[in-house]
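Work through the exercises below with the sequence and the structure at hand. Try each task before you read its solution.

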Amino acid sequence: MSGRVLIDVRDLWKSFGDNHVLRGISLELIEGDTLVVLGSSGCGKSVLLKHIIGLLVPDRGEVLFHGRNIFDMNARELGEARQHFGMVFQGAALFDSMTVGENIGLPAVEHKGMRGQELEALVEEKLRLVGLEGLSRLRPAEISGGMKKRVALARAIALNPDIILYDEPTTGLDPIMAEQINKLIRDTQNKLSATSIVVTHDLHSACFIGDRVALIENGKIEFIGSTDELMETEDEAVQNFIARGHANRGPRENDGAGLH
Amino acid sequence: MDLFARIGQSAINMFGIVGSAGIVFWRALISLHRLPRSMKLVVEQMQRIGVESLPLVLVTSVFTGAVASVQVSYQLNEYLPKAYLGTAIFKFVVIELGPVLTALVIGGRVGASIAAELGTMRVTEQIDAMEAMAIDPHRYLVMPRILGALIMLPVLTVIADTLAIGGGFVVSNVALDVSGKVFVDGMRTLFYAGDVLGGLIKACVFGLIIALMGCTAGLAARGGAVGVGRAATRAVVASCVLILISDYVLTTLIYGIIFS
């Protein structure tokens, strides 16, 4: 590992009642890196992501962004820190009272005071990046699930953030659309040179998108390393997860790109 | 015992929502310095809360005035001359019926709608998405709704007062054998501008209660469609109860102390 540490998660603990979701998670995100957080459903991946952007407050532990704990920041500082992030939510989380274009343009309107043609140009540029040019006037209810995820990505990258967080970007999509989203994520990373954290339970996506992979089981990190190391490790928990991943996808898809 | 436990639980819930509303109100208040940027949103809410409620207010107030006219005429019958019909209608309407009935019907219509909208945004992660974009939902969603209701409730009350008195006037003329001149003279007899002003002050407070309860219940919604439904119910129940309680307190303060 080399390069500057952008996000440093230290000993993060979080419980919801008796449900202990995170049990001492620690990891580092290096600038320019794409870290995939892998794990089965309900293991705390999304909760971890929401801690990183300060939407949840941990019971214990800290998240350092450029060396500062985001949970010690006041509202203004946290707002400034969040402007360095873009987040794609699991259900896309598009504002359904707005059009696609208004959704994508909202961060620019609110933070840059952008209006008129400049705003329209920005929206069209971002829509073009995700392959949806000309759809800015549609409402979220009028587009498909896969298109919503793309619009969510376009909104997340509207202000060219340093860090993009993806929460289950391919969940609920058919395999072809999932593949397209995976490619789109990789292309976006190449074009924007952003640092990314992708939370997924899909091993295939993880290998296709990620530089490094962290596997969470029972609220703890079982493994962290490169995708090659993931496939070669002897660790039992990792082997079990990979075996489950293969079983879920079926033999033909296991031959697909990205799996080593 | 079960009944007492339920009543106690309801009281605790009511205190809980009032406490949360205090925090929501404070956060909306400290975002007021960004009002110029939110003016468009405020105007949009004024339209939704005020203009779109007009048909409901029209029906409610015209018939309230008509019923009040019949009732007052029946009560006065044996004790006072009918010249006082206009006086009584005017005072009843501007002090009590206009503000309170308008607030109760708007509380049902607007309170539920705000809670359902914000509740849906909460459970579909749209509020999280907004926070992740460094846009404060208290400024973007709550403050415009509070201002919209605060401005429009007195306006709706003036319209309701006028329509209710109009309804009373027509019924007096047509059905109760009181001429227009006698009715208007009656209104003038004990006219006191403080009565109207007091009613409008109450309307402002009721507007604040309606928007605040809707926003608080909506922001606290959890757990899908059922949670959104519960949030709407909580908003309406809390607004109605608080409107009636604060009506007593305000009436005592305004007419018992300030204008006495």
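**Exercise 1: A loop residue in chain A**

Leaving out neighbours within four places in sequence, Thr233(A) touches Phe223(A) and Val238(A). Contact here means C-beta atoms, placed from the backbone, within 7 Å. The model is predicted: local features need pLDDT of at least 70, side-chain atom pairs count only at pLDDT 80 or more, and totals for chains, interfaces and linings use all residues. Residues are numbered from 1 along each chain as its sequence is written, while chains are lettered from A and ligands numbered from 1 in the order in which they are written.

Task: Find where Thr233(A) lies, and state its exposure.

Solution.
- Step 1. Locate the residue. Thr233(A) is in the loop between α8 (227–232) and α9 (236–249) of chain A. Helices (H or I, at least four residues) and strands (E, at least two) are DSSP runs, numbered from the N terminus.
- Step 2. Take one partner. The C-alpha atoms of Thr233(A) and Phe223(A) are 8.9 Å apart, and 10 residues separate the two along the chain.
- Step 3. Count neighbours. Thr233(A) has 16 other C-beta atoms within 10 Å, so it is partly exposed. A residue is buried with 20 or more other C-beta atoms within 10 Å of its own, exposed with 12 or fewer, and partly exposed in between.

**Exercise 2: Two positive phi angles**

Task: Compare the surroundings of Ser193(A) and Glu125(B). Which is buried and which is exposed?

Solution.
- Step 1. Recall the background. Most residues other than glycine have a negative phi.
- Step 2. Read the angles. Ser193(A) is not a glycine, yet its phi is positive, about 45 degrees. Glu125(B) also has a positive phi, near 65 degrees.
- Step 3. Place them. Ser193(A) sits in the loop between α6 (175–192) and β8 (195–200) of chain A. Glu125(B) sits in the loop between α4 and α5 (126–132) of chain B.
- Step 4. Count neighbours. Ser193(A) has 11 other C-beta atoms within 10 Å, so it is exposed. Glu125(B) has 22, so it is buried.

**Exercise 3: The two chains**

Task: Describe the make-up of chain A and of chain B.

Solution.
- Step 1. List the elements. Chain A has 10 helices and 10 strands. Chain B has 9 helices and 0 strands.
- Step 2. Take the extents. The C-alpha atoms of chain A fill a box of roughly 55 × 50 × 40 Å along the principal axes. For chain B the box is roughly 65 × 55 × 35 Å.
- Step 3. Look at burial. Buried residues are 42% of the 260 in chain A. In chain B they are 48% of 260.
- Step 4. Look at contacts with a separation of 6 or more. Residues 24 or more positions apart account for 67% of them in chain A. The value for chain B is 88%.

**Exercise 4: Where the chains touch**

Task: Which element of chain A gives the most to the side that touches chain B?

Solution.
- Step 1. Size the contact. 15 residues of chain A are in contact with 10 residues of chain B.
- Step 2. List the elements of chain A that give two or more residues. They are α2 (75–82), β6 (85–88) and α3 (100–112).
- Step 3. Pick the main one. α3(A) gives the most, with 4 residues.
- Step 4. Sort this side of chain A by class. It has 9 nonpolar, 4 polar and 2 charged residues. Ala, Val, Leu, Ile, Met, Phe, Trp, Tyr, Cys and Pro count as nonpolar, Asp, Glu, Lys and Arg as charged, and the others, Gly among them, as polar.

**Exercise 5: A helix pair in chain B**

Task: How do α8(B) and α9(B) run relative to each other?

Solution.
- Step 1. Take the angle. Helix α8 (residues 193–219) and helix α9 (residues 224–258) of chain B pack at about 155 degrees, with axes 9 Å apart. Axes are lines fitted to C-alpha atoms, for helices over the stretch in contact, and angles run from 0 to 180 degrees between N-to-C directions.
- Step 2. Name the arrangement. The angle makes α8(B) roughly antiparallel to α9(B). Angles under 35 degrees count as roughly parallel, over 145 as roughly antiparallel, 65 to 115 as roughly perpendicular and the rest as oblique.
- Step 3. Sort the contact residues. There are 15 nonpolar, 5 polar and 3 charged.

Definitions and conventions: Contact = placed C-beta atoms within 7 Å.
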